[in-house]
Amino acid sequence: MDVSIRNVRKEFDRFPALHNVSLDIHSGELIALLGPSGSGKTTLLRLIAGLETPTDGSIYFGPEDASLKSVQERNVGFVFQHYALFRHMTVAENIGFGLKVRKGNDRPPNEQIRKRALELLDLVQLSGLENRYPNQLSGGQRQRVALARAMAIEPRVLLLDEPFGALDAQVRRELRRWLREIHDTTGHTTVFVTHDQEEALELADRVVVMSQGRIEQVGTADDAYDRPNSPFVYGFIGDSSTLPVRVENGEIWLADRTVGLQVNDVPDGNASLYFRPHDITLLDGCGGCIAGTVATSRRVAGTRRVELEVGGSQHRVEIELPIEHVAAERSRIAFRPTRWKVFPDAQDSTA
Amino acid sequence: MVLEATHHMSVADDLSAGRAEKIKPRDGKRPNPVSESFGAKVALTGLALAFLALVLLLPLLAVFVEAFRKGPAEFFLSLNDPDTFSAIRLTLTVAAIAVPLNLVFGVVAAWAIAKFEFKGKAFLTTLIDLPFSVSPVISGLVYVLLFGAGSALGPWLKSYGIEILFALPGIVLATMFVTFPFVARELIPLMQEQGTSEEEAALSLGASGWQTFWYVTLPNIKWGLLYGVLLCNARAMGEFGAVSVVSGHIRGLTNTMPLHVEILYNEYNFVAAFAVATLLAGLALVTLVLKSILEYRYGDEIAASAKH
Ligand SMILES: Nc1ncnc2c1ncn2[C@@H]1O[C@H](COP(=O)(O)OP(=O)(O)O)[C@@H](O)[C@H]1O
Ligand SMILES: [Mg+2]
């Protein structure tokens, strides 16, 4: 089921939690909403589910306007952040609930509901626990039951809010791989929320990076990592270094020296240069480069991470060097980013 | 290096030696730092027990002693009276109407307050507490003002043959007013603590609002609800003040058990008065036992507020 979010805005008591968000989710896709806490991920997920109504805009499931439908009619599977299992029902009753409350001819007979619950329990690898109560399960087991319960109604879209948030690292990694497998076998359109970039980049087909109620970037893990399109994404995903620069006639200047990089889509004025520590090339002389003195140097796995002081001691940038490089303290190093981006500074009080 | 290490060690030794000295109990028995002394404990407990005995146990005992003063035969004889029977019947009828209605209204009010955000919520919460803060006599008088001969409503209803005051409806209304908070007050904190996520899960799985309430909300609050109903019932059967104002004290017709006790007492019929009183005391004891069982068995499923 394609899901299309069109110009959705959501305010809580005049506080805007989402500003004009648009997003197309393709059928069968596994997509991650990634962003820091408070960026509006849960709100977006709840809007898709119909647990919140948008202040403005609409949400389409395929060709039909889902905004007009209630939660019950949308047929989405929602896995809540803290699972929200029914505490007084057994595991099997929890999983069968969505079938039990169906009306008329849609409601399967009891034995069939139980059979389906046991099948799903098998799928989430919890066979034998059907008569337990939620408080007799571990966190990871509850998570699986919540997922089985959501899948029992054969949802058109599966929505998961921080599915592994409350679990320890070991279980997390395990469940992550397992969720990918389940997704591949069932083929549900799946949206999950996370604030863990590793989880998002590893698991999702596409990642939606969010910040302060806005979508910053949508793309594959490679897009988000190699081609960040905003300072926020540079800072939030992976490591990055930044330097204040000036753009003049398409040439980038660092203080009174040219860096040797050209841009054509950035207006003249103050700007910021972003690059990843490993996306650099070392230079011998400096006729257009960034040069600095080594402040600190440490070994990180197979490479050397060096902090350079650029332009006196005003700015520090991190670069990655081959392990053979000595990078003695106070020595001078010149380099130029190979993959980088310049973002013009906001037009504020500089005028 | 070596020198430094030894130096550290000696410091550590000094420290541990000093600590051991401080911890070592002087007389071999460690005093519990957060506990009162033994004497204070005994004195306080004794005081509390003496107070309870004087204020609660003694009167309860007196009721039974007075009732059986002239022997069990006289006790049963005095109960065997048509007016007494009618008082018992009326009390049971009133409770049978007022308690279920308050159960429904209490659940509805608690549901609305705990699970939804709306304007005037704080006001509604305060309103629910009103019967607790108003003297029961005033509660009764309100109904006299509303439905009395001098009011607009009373004579109008009377012209259709509906009697409110000095009849069953008035007594039920007054009882409901006084006992309304019990169920709602019990449920609100419980439902607030449980939050709305299970309900949201049920809705997302396709359950209707009614199914969600029936399968999810109600089972989660059932013990708390029973607890509230128990207290509500005890008060409904025992209420004196509010009922006294609206009942009119018509023997055999509008006298509830508490009112009947008063009448018998005023007529110097002590054995009969205390005999009926033992029934009420018995009800109180049964309530107390059930309440304790609920608290013991399902303490964590009853709101935190009830566990004091
Ligand atoms: N029910 C609500 N009432 C008021 N503000 C809310 C509500 N839900 C979320 N918010 C606000 O909206 C913003 C986004 O919240 P949320 O979507 O939960 O973020 P995330 O899931 O990314 O941490 C936050 O600032 C939060 O305080
Ligand atoms: Mg969230």
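Begin by selecting α1(A), the element that gives the most to the shell around ligand 1, with three residues; helices (H or I, at least four residues) and strands (E, at least two) are DSSP runs numbered from the N terminus. What is on screen is a predicted model, in which local features need pLDDT of at least 70 and side-chain atom pairs count only at pLDDT 80 or more, while totals for chains, interfaces and linings use all residues. Residues are numbered from 1 along each chain as its sequence is written, chains are lettered from A and ligands numbered from 1 in the order in which they are written, and side-chain values use heavy atoms, with hydrogens and water left out.

**Around ligand 1**

Next, display the residues that surround ligand 1, among them Phe12(A), Phe15(A), Pro36(A), Lys41(A) and Thr42(A); a residue is counted as near when one of its heavy atoms lies within 4 Å of the molecule. The shell divides into four nonpolar residues, six polar and one charged, where Ala, Val, Leu, Ile, Met, Phe, Trp, Tyr, Cys and Pro count as nonpolar, Asp, Glu, Lys and Arg as charged, and the others, Gly among them, as polar.

Now zoom in on the oxygen atoms of the ligand. A polar backbone atom of Ser39(A) is 3.2 Å from one oxygen atom of ligand 1, a backbone N or O atom of Gly40(A) lies 3.0 Å from an oxygen atom, and an N or O atom in the side chain of Lys41(A) is 2.9 Å from an oxygen atom of the ligand. Taken alone, ligand 1 exposes 560 Å², of which the protein buries 61% (Shrake-Rupley method, 1.4 Å probe). Colour β2 (15–25) and α1 (41–49) of chain A, the elements that give two or more residues to this shell.

**Where the chains meet**

Turn then to the contact between the chains, which takes 21 residues from chain A and 18 from chain B, contact meaning heavy atoms within 4.5 Å. Together the two chains bury about 1,800 Å², 61% of it on carbon and sulfur atoms; this buried area is the accessible area (1.4 Å probe) lost on putting the two parts together, summed over both. On the chain B side, select Glu198(B), Ser204(B) and Leu205(B), which lose the most area to chain A, together 36% of what that side buries.

Finally, show the side chains of Glu200(B) and Arg46(A), which meet in a salt bridge at 2.6 Å, N to O. The rule finds two salt bridges across this interface, each requiring a side-chain nitrogen of Lys or Arg within 4 Å of a carboxyl oxygen of Asp or Glu. α9 (197–204) and α10 (209–238) of chain B each supply at least two residues of the side that touches chain A, and α9(B) gives the most, with seven residues.

Notes:
Polar contact = N/O pair within 3.5 Å; in protein donor to acceptor, adjacent residues only side chain to side chain.
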